[in-house]
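Student: I have a structure to work through. Could you take me over it in short questions and answers?

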Amino acid sequence: ARHLYFVRAEEIEWAEGAANYVRLHIGGRVHLVRETLKGLATKLPPERFVRLHRSVIVNLDHVARLEPHGHGEYLITMRDGARVTSSRTYSDRLHGLLR
(Lines give C-alpha, C1' and ligand atoms only; values in the text may rest on other atoms or scores of the structure.)
Protein backbone atom coordinates (compact mmCIF):
# COMPACT_ATOMS: atom_id res chain seq x y z
CA ALA A 1 0.00 0.00 0.00
CA ARG A 2 1.27 3.45 -0.89
CA HIS A 3 0.69 6.36 1.40
CA LEU A 4 0.57 10.03 0.60
CA TYR A 5 2.10 12.39 3.12
CA PHE A 6 1.49 16.10 3.13
CA VAL A 7 4.38 18.05 4.57
CA ARG A 8 4.86 21.74 5.17
CA ALA A 9 8.10 23.22 3.86
CA GLU A 10 9.24 24.22 7.36
CA GLU A 11 9.01 20.55 8.48
CA ILE A 12 11.73 19.58 6.01
CA GLU A 13 15.06 19.44 7.86
CA TRP A 14 17.20 18.70 4.84
CA ALA A 15 16.87 17.11 1.44
CA GLU A 16 19.22 15.11 -0.73
CA GLY A 17 18.82 14.51 -4.41
CA ALA A 18 19.28 11.16 -6.14
CA ALA A 19 18.66 11.34 -9.90
CA ASN A 20 14.93 12.10 -10.37
CA TYR A 21 14.10 11.63 -6.71
CA VAL A 22 14.62 13.63 -3.55
CA ARG A 23 14.93 12.18 -0.05
CA LEU A 24 13.23 14.50 2.43
CA HIS A 25 14.50 14.17 6.00
CA ILE A 26 11.67 15.01 8.39
CA GLY A 27 11.51 14.14 12.08
CA GLY A 28 13.83 11.16 11.86
CA ARG A 29 12.04 9.70 8.84
CA VAL A 30 12.92 9.78 5.16
CA HIS A 31 10.29 10.39 2.50
CA LEU A 32 11.07 9.74 -1.15
CA VAL A 33 9.60 12.26 -3.59
CA ARG A 34 9.64 11.99 -7.36
CA GLU A 35 11.15 15.41 -8.03
CA THR A 36 14.55 16.78 -8.90
CA LEU A 37 16.43 18.76 -6.28
CA LYS A 38 16.46 21.71 -8.65
CA GLY A 39 12.68 21.53 -8.97
CA LEU A 40 12.22 21.26 -5.22
CA ALA A 41 14.53 24.24 -4.64
CA THR A 42 12.21 26.50 -6.63
CA LYS A 43 9.31 25.60 -4.30
CA LEU A 44 11.08 26.22 -0.99
CA PRO A 45 11.39 29.64 0.71
CA PRO A 46 14.90 30.89 -0.19
CA GLU A 47 15.36 32.76 3.09
CA ARG A 48 15.14 29.48 5.01
CA PHE A 49 16.51 26.85 2.61
CA VAL A 50 20.06 26.88 1.28
CA ARG A 51 21.60 24.65 -1.32
CA LEU A 52 24.95 23.47 0.02
CA HIS A 53 25.93 21.07 -2.62
CA ARG A 54 24.86 19.77 -6.00
CA SER A 55 22.74 17.20 -4.18
CA VAL A 56 21.87 18.75 -0.78
CA ILE A 57 19.53 21.49 0.47
CA VAL A 58 19.26 22.30 4.18
CA ASN A 59 16.72 24.14 6.29
CA LEU A 60 18.74 26.71 8.25
CA ASP A 61 16.43 26.26 11.25
CA HIS A 62 17.73 22.69 11.58
CA VAL A 63 21.45 23.41 11.35
CA ALA A 64 23.19 22.68 14.66
CA ARG A 65 26.79 23.57 13.80
CA LEU A 66 28.97 24.95 11.02
CA GLU A 67 32.71 24.37 10.85
CA PRO A 68 35.07 25.73 8.19
CA HIS A 69 36.38 22.74 6.25
CA GLY A 70 39.12 24.45 4.23
CA HIS A 71 39.08 25.85 0.68
CA GLY A 72 35.85 27.77 1.30
CA GLU A 73 33.91 24.65 2.26
CA TYR A 74 31.98 24.02 5.47
CA LEU A 75 31.10 20.92 7.44
CA ILE A 76 27.50 21.26 8.54
CA THR A 77 26.05 19.22 11.38
CA MET A 78 22.27 18.99 11.34
CA ARG A 79 20.18 18.72 14.51
CA ASP A 80 19.35 15.11 13.57
CA GLY A 81 23.07 14.33 13.68
CA ALA A 82 23.55 14.14 9.92
CA ARG A 83 26.74 15.75 8.61
CA VAL A 84 26.95 17.39 5.22
CA THR A 85 29.78 19.20 3.49
CA SER A 86 29.09 22.29 1.42
CA SER A 87 30.85 22.50 -1.90
CA ARG A 88 32.78 25.64 -2.76
CA THR A 89 30.36 26.43 -5.59
CA TYR A 90 27.51 26.90 -3.11
CA SER A 91 29.50 28.23 -0.14
CA ASP A 92 29.19 31.91 -1.13
CA ARG A 93 25.48 31.96 -0.31
CA LEU A 94 26.13 30.21 2.99
CA HIS A 95 28.93 32.61 3.82
CA GLY A 96 26.67 35.55 3.04
CA LEU A 97 24.07 34.26 5.49
CA LEU A 98 26.65 33.90 8.26
CA ARG A 99 27.54 37.59 8.28
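Tutor: One definition before we start. A residue is buried under 20% relative accessible area, exposed over 50%, and partly exposed in between. Keep in mind that this is a predicted model.

Student: Is R48 buried, partly exposed or exposed?

Tutor: The relative accessibility of R48 is 28%. Buried requires under 20% and exposed over 50%. R48 therefore counts as partly exposed.

Student: Which residue forms a salt bridge with R48?

Tutor: Side chains of opposite charge can pair when their charged atoms come close. For R48 the closest N and O atoms of the pair are 2.8 Å apart. That is inside the 4 Å limit for a salt bridge. The partner is D61.

Student: How many residues apart are R48 and D61?

Tutor: R48 lies in the loop between α1 (37-43) and β4. D61 lies in the loop between β5 and β6 (63-68). The pair links distant parts of the chain, with a separation of 13 residues.

Student: What relative accessibility does D61 have?

Tutor: D61 counts as partly exposed. That class runs between the 20% and 50% limits. The value for D61 is 37%.

Student: How many salt bridges does a search of the whole structure find?

Tutor: R48 with D61 is one pair. E10 and R8 also meet, at 2.8 Å from N to O. R23 and E16 meet at 3.9 Å, within the 4 Å limit. The search of the whole structure finds 5.

Student: Are R23 and E16 buried, partly exposed or exposed?

Tutor: R23 has a relative accessible area of 34%. E16 has 21%, and buried means under 20%. Both residues are partly exposed.

Student: What is the strand order of the open sheet?

Tutor: The open sheet has 5 strands with antiparallel pairing. β3 (29-33) and β4 stand at its edges, each with a single partner strand, so one side of each has no neighbour in the sheet. Neighbouring strands are turned by 25° against each other on average, direction ignored. The order is β3-β2-β1-β5-β4.

Student: Which residue in β5 is the bridge partner of H53?

Tutor: β4 and β5 pair in the antiparallel sense, over 4 bridges. H53 has its bridge partner in β5. That partner is V56.

Student: Which strand gives the most to the largest nonpolar core?

Tutor: The largest nonpolar core has 12 residues, including W14, V56, V58 and M78. β4 (49-53), β5 (56-59) and β7 (74-78) each supply at least two of them. The top contribution is 3 residues, from β7.

Student: With which residues is W14 in contact, leaving aside neighbours within four places in sequence?

Tutor: W14 belongs to the largest core. Contact here means heavy atoms within 4.5 Å. The contacts of W14 are R23, L24, H25, V56, I57, V58, M78, D80 and A82.

Student: How many residues are in the second, separate core?

Tutor: I12, L24, I26 and L40 are among its members. The core is separate from the largest one. Its residue count is 10.

Student: What is the radius of gyration of the protein?

Tutor: The protein has 2 helices and 8 strands. The globule rule gives 13 Å for 99 residues, and the value for this protein is close to that, so it is as compact as a globular protein of that length. The radius of gyration is 13 Å.

How values were computed: Residues are numbered from 1 along each chain as its sequence is written. This is a predicted model: local features need pLDDT of at least 70, side-chain atom pairs count only at pLDDT 80 or more; totals for chains, interfaces and linings use all residues. Side-chain values use heavy atoms; hydrogens and water are left out. A nonpolar core is a set of buried Ala, Val, Leu, Ile, Met, Phe, Trp, Tyr and Cys residues joined through side-chain atoms within 4.5 Å. Buried means under 20% relative accessible area, exposed over 50%, partly exposed in between (1.4 Å probe, protein chains only). A salt bridge is a side-chain nitrogen of Lys or Arg within 4 Å of a carboxyl oxygen of Asp or Glu. Two strands pair if DSSP finds at least two bridges between them. Axes are lines fitted to C-alpha atoms, for helices over the stretch in contact, and angles run from 0 to 180 degrees between N-to-C directions. The radius of gyration is taken over C-alpha atoms; the globule rule is 2.2 Å times the number of residues to the power 0.38.
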